[in-house]
Amino acid sequence: MYLLGHIGSALICYIMISYIFKNDNWDHKRNQILISIGVILPDLLDKPIGALIFGIGRWIGHSILFQLSFYLIVKIVVQKYKPGFYKKYDIEILLTGAIIHLIGDLPGLPIETIFWPMLGGFEISGNSSFLLGYQNIETIITEIGGVLVITILGLTQKWRINSWKIVFALIAFYELLFLIVYFLLVGT
Ligand SMILES: [Zn+2]
């Protein structure tokens with residue numbers, strides 16, 4: 001799954017969770033942004049370093065043990081310094097997103113990676129293999145699905161024009177970045 005598909009799946013999970021635990025105190029917009037960041041964190045962490053330098057597209061960010069350790073460290077730091085922007089459960093929402101990422105990647109994600117280092121090492125896939133996922137029809141469908149989920153959410157929550165601009169500028173930036181990296185690594 002690529003980034004938009006991951007974001008779509010995380011937003012659907014968030015909508016279901018917030019429906020089940022109906023709570024008027026929840027800041028939905030903030031939580032949706034956080035879970036969307038959380039769900040792309042494993043790839044943001046693994047792709048630039050792992051794929052481009054070591055040829056391993058899915059490594060520590062896709063390991064549940066690393067995610068939990070990282071969560072604990074951030075939680076301890078945040079509890080100690082209590083930064084002004086921090087709200088209770090922010091880190092848990094990010095972690096939930098990161099775990100949803102693993103579920104979204106499951107069809108092709110080796111069990112050894114998820115439970116690294118308990119079951120073995122990471123799979124070396126080459127530094128451009130993660131760019132070829134678009135050839136799978138499931139990737140295209142989940143990417144379009146992600147954009148649809150974001151659009152439906154924006155319409156039902158009556159986003160202001162500025163929110164639409166930011167969201168679609170980010171999507172355009174992501175697609176452009178993908179194209180640039182693709183032409184640099186894979187070529188025409
Ligand atoms: Zn991934």
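Reader: Leaving aside neighbours within four places in sequence, which residues is Ala-10 in contact with?
Author: This is a predicted model, in which local features need pLDDT of at least 70 and side-chain atom pairs count only at pLDDT 80 or more, while totals for chains, interfaces and linings use all residues. Residues are numbered from 1 along each chain as its sequence is written. With contact taken as C-beta atoms, placed from the backbone, within 7 Å, the partners of Ala-10 are Ile-35, Ser-36, Val-39, Gly-97 and Ile-100.

Reader: Which helices each supply at least two residues of the largest nonpolar core?
Author: That core, a set of buried Ala, Val, Leu, Ile, Met, Phe, Trp, Tyr and Cys residues joined through C-beta atoms within 7 Å, has 19 residues, and Ala-10, Ile-35, Val-39 and Leu-94 are among those with the most contacts inside it. Taking helices as DSSP runs of H or I with at least four residues, the suppliers of at least two residues each are helix 1 (3-20), helix 2 and helix 4.

Reader: How are helix 2 and helix 4 placed relative to each other?
Author: Helix 2 (residues 28-54) and helix 4 (residues 90-105) pack with their axes, lines fitted to C-alpha atoms over the stretch in contact, 7 Å apart and at an angle of about 45°. Because this is neither under 35, over 145 nor from 65 to 115 degrees, the pair is oblique.

Reader: Is Pro-110 buried, partly exposed or exposed?
Author: Pro-110 lies in the loop between helix 4 and helix 5 (111-114), and 17 other C-beta atoms are within 10 Å of its own. Since 20 or more would make a residue buried and 12 or fewer exposed, Pro-110 is partly exposed.

How values were computed. Axes are lines fitted to C-alpha atoms, for helices over the stretch in contact, and angles run from 0 to 180 degrees between N-to-C directions. Two residues are in contact if their C-beta atoms, placed from the backbone, lie within 7 Å.
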